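Student: I have a new model open on my screen and would like to learn how to read it. Could you walk me through it, one question at a time?

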Amino acid sequence: MNRIIVIGCPGSGKSTFSKALHSATGIPLYHLDMMYWNEDKTKVPKEIFLRNLNEVLDKDCWIIDGNYESTMDMRIEKCDTIFFLDYPVEVCIEGIMSRRGKKRSDMPWIEKSDEMDEEFLNWVKNYNVESRPKVLEILAKNVEKEIIIFHSREEAKEYLKKLDLLLNKK
């Protein structure tokens, strides 16, 4: 486990899980949102985003969290391990609501607690119908990778606890 991607619905806790995985393993962590967005909520030019992503993908080890379907194939090609946080939409919406107004290391701006992007929220509400089937199809085509799917935050926490115990025994 040296090249890891963490995917899942927005609000599922990809960044939180990735930070804990980084802490347990020492593997460098990269957030796609930090590569893709500027502080003023504008997008980084596509060629710069792809250049930065490719620089990370060329490294010997990394954890990359984020979905970004347009780069999923290139990340999967280079990774050896995929974590999919496959949680109910309600859990993800709760996750989105709980992070509003807080500074985050995985996002270049603070989401205001009094604003909600309705288009984004609708995308999240439709994730299990529109995006999840595509993710499952991609995973089914990449069975040579180590694929770990969590269906609850508790499963993910238990995995991290066992991993930490395993790595700290060495």
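Tutor: Gladly! One term before we begin: a residue is called buried when its relative accessible area is under 20%, exposed when the value is over 50%, and partly exposed in between. Keep in mind as well that this is a predicted model.

Student: Let me try that term out. Is E111 buried or exposed?

Tutor: First find E111 in the loop between α5 and α6, the latter being residues 118-125. Its relative accessible area is 17%. The cut-off for burial is under 20%, so E111 counts as buried.

Student: How far apart in space are the C-alpha atoms of E111 and V129?

Tutor: Along the sequence, E111 and V129 are 18 residues apart. In space, going from C-alpha to C-alpha, the separation is 26 Å.

Student: Let's zoom out. In what order do the helices and strands of the chain run?

Tutor: The chain has 9 helices and 5 strands. Starting at the N terminus, their order is β-α-β-α-α-β-α-β-α-α-α-α-β-α.

Student: Why can we call the chain as compact as a globular protein of its length?

Tutor: For 170 residues, the globule rule gives a radius of gyration of 15 Å. The value for this chain is close to that, so the chain is as compact as a globular protein of that length. The radius of gyration of the chain is 16 Å.

Student: What share of the long-range contacts joins residues at least 24 apart?

Tutor: A contact here means heavy atoms within 4.5 Å. Take the contacts between residues at least 6 apart in sequence. Among these, the share that joins residues at least 24 apart is 72%.

Student: Now a single helix, please. Where do the buried residues of α5 lie around the helix?

Tutor: Helix α5 covers residues 89-99, and V89, C92, G95, I96 and R99 are buried in it. On the other side of α5, E90 and E94 are exposed. Looking down the axis, the buried residues fall within an arc of 120°, so they line one face of the helix.

Student: Which residues does S131 touch, leaving out those up to four places away in sequence?

Tutor: S131 sits in the loop between α7 (127-130) and α8 (132-140). With a relative accessible area of 11%, S131 is buried. Beyond its sequence neighbours, S131 touches W123 and N126.

Student: And E155, how exposed is it, and which residues is it in contact with beyond four places in sequence?

Tutor: E155 belongs to helix α9, residues 153-169. Its relative accessibility is 35%, so E155 counts as partly exposed. Leaving aside neighbours within four places, E155 is in contact with I149 and F150.

Student: Which loop holds K41, a residue with a positive phi that is not a glycine?

Tutor: Most residues other than glycine have a negative phi. K41 has a phi of about 70°, and its relative accessible area of 42% makes it partly exposed. K41 is found in the loop between α2 (32-36) and α3 (46-57).

Student: Last one: is Y68 buried or exposed?

Tutor: Y68 also has a positive phi, of about 40°, although it is not a glycine. Look for Y68 in the loop between β3 (62-65) and α4 (72-78). At a relative accessible area of 16%, Y68 is buried.

Notes
Residues numbered from 1 in each chain as written. Predicted model: local features only at pLDDT ≥ 70, side-chain atom pairs only at ≥ 80, totals over all residues. Heavy atoms only, no water. Helix = DSSP H or I, 4+ residues; strand = E, 2+ residues; numbered from the N terminus. Rg over C-alpha atoms; globule rule 2.2 N^0.38 Å. Buried < 20%, exposed > 50% of the residue type's maximum accessible area, 1.4 Å probe, protein only. Arc of directions from axis to C-beta.
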